[in-house]
Amino acid sequence: MTVRLFTWEERPDLAERGPDSADVWPEYNLHGDAFDDWWEPLLDAAQFQFALYDEETDTVLAEGHTGPFAWNGDDAALPDGIDAALEQAVTARRDNRPVDTLCAFAAEVAPAARERGLAADLLRGMSALAARHGLKRLIAPVRPSWKERYPLAPIERYVAWRREDGQLLDPWMRVHERLGARVTTPLPESMLISGTVAEWESWTSMVFPESGEYVFPEGLATLHVDRGNDRATYWEPNIWLVHPDLP
Ligand SMILES: CC(C)(COP(=O)(O)OP(=O)(O)OC[C@H]1O[C@@H](n2cnc3c(N)ncnc32)[C@H](O)[C@@H]1OP(=O)(O)O)[C@@H](O)C(=O)NCCC(=O)NCCS
């Protein structure tokens, strides 16, 4: 297997051949309020989107989505969620503002290519892209993969859990930490996904007969259902991970 990184600018044809969103994300995750506004404009910056491409099989195995903005290195000044970070990346480009930090927005490995170590290759690819553009560092508002197993645990506690060998319990956070990233600010309200009760019922294949808090499949936190106002609201929790400054 010979895996190479190509940006969408270098190989626009590969942009159409990445893993299907439906195979990578739970349905509810495709309906973020801010994502609806900012995701497509983020992808327009083709030099910051890339594919990991296997030349032997002519297949896109994984995709990385990133965008730069300015950050002064102070943890307290990190955006207060992935929604805010996404807006910063898109508006920085639109307004031609100076940037110094690459932010990771999504890492997607095709299901058939998982558990082969491509997660670390994606992160190395993001750092290489940051270096190529003269940026200082890579940061990531990470979606911890195993949080779905602990939807009731506060994100502040979950991100501190470690195995007996000292490594982080969460597999995706572990890959970041092994590459030198620092676990920083927990984001209990990182990405807002709101909809009507019927929309949330269709996204989760559940029914929500009464108002209240619900655990649902693959949810990292609970869903708040308000039948009186026909609204269901979910805040996806994330955690900021800051990678070491680039040489
Ligand atoms: C999260 C994701 C990028 C990981 O990619 P991957 O190629 O499967 O991961 P890797 O093979 O590189 O493994 C990374 C770590 O996760 C662990 N892991 C991967 N899949 C696992 C599974 N199903 N169960 C348990 N551990 C698993 C690996 O053991 C490894 O940890 P270790 O090296 O400490 O053993 C991939 O599963 C994915 O695309 N998920 C859907 C989208 C997503 O959640 N992206 C991340 C948020 S942006």
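This passage looks at where the ligand sits in the protein and then at a pocket. The model is predicted.

Start with the ligand. Its surroundings are made up of 20 residues, and the ones that come nearest are Ala107, Val109, Glu115, Arg174 and Arg178. Three stretches of the chain each supply at least two residues of this shell: strand E4 (101–109), helix H5 (118–132) and helix H7 (171–178). H7 provides the largest share, with five residues. Sorted by class, the shell holds eleven nonpolar residues, seven charged ones and just two polar ones.

Some polar atoms of the protein also pair up with atoms of the ligand. On the backbone side, a polar atom of Ala107 is 2.9 Å from a ligand nitrogen, and a backbone N or O atom of Arg116 lies 3.0 Å from a ligand oxygen. Arg174 joins in with its side chain, where a polar atom lies 2.7 Å from an oxygen atom of the ligand. As for cover, the ligand taken alone exposes 910 Å², and the protein buries 74% of that.

Now for the second largest pocket, which holds about 200 Å³ of space. It is lined by 16 residues, with Pro188, Ala221, Thr222, Trp235 and Pro237 the closest to its centre. Helix H6 (155–158), strand E6 (182–195) and strand E9 (231–242) are the elements that give two or more residues to this lining. Of these, E9 gives the most, namely four residues. The lining divides into eleven nonpolar, three charged and two polar residues.

Methods
Residues numbered from 1 in each chain as written. Predicted model: local features only at pLDDT ≥ 70, side-chain atom pairs only at ≥ 80, totals over all residues. Heavy atoms only, no water. Near = heavy atom within 4 Å. Polar contact = N/O pair within 3.5 Å; in protein donor to acceptor, adjacent residues only side chain to side chain. Areas by Shrake-Rupley, 256 points an atom, 1.4 Å probe, with all protein chains shown as cover. Nonpolar A, V, L, I, M, F, W, Y, C, P; charged D, E, K, R; others polar. 1 Å grid on protein atoms, 1.4 Å probe; cavity = no way out; pocket = protein on both sides within 12 Å on 5 of 7 lines; lining within 4 Å. Points joined across faces, edges and corners; volume = space filled by probe spheres on them.
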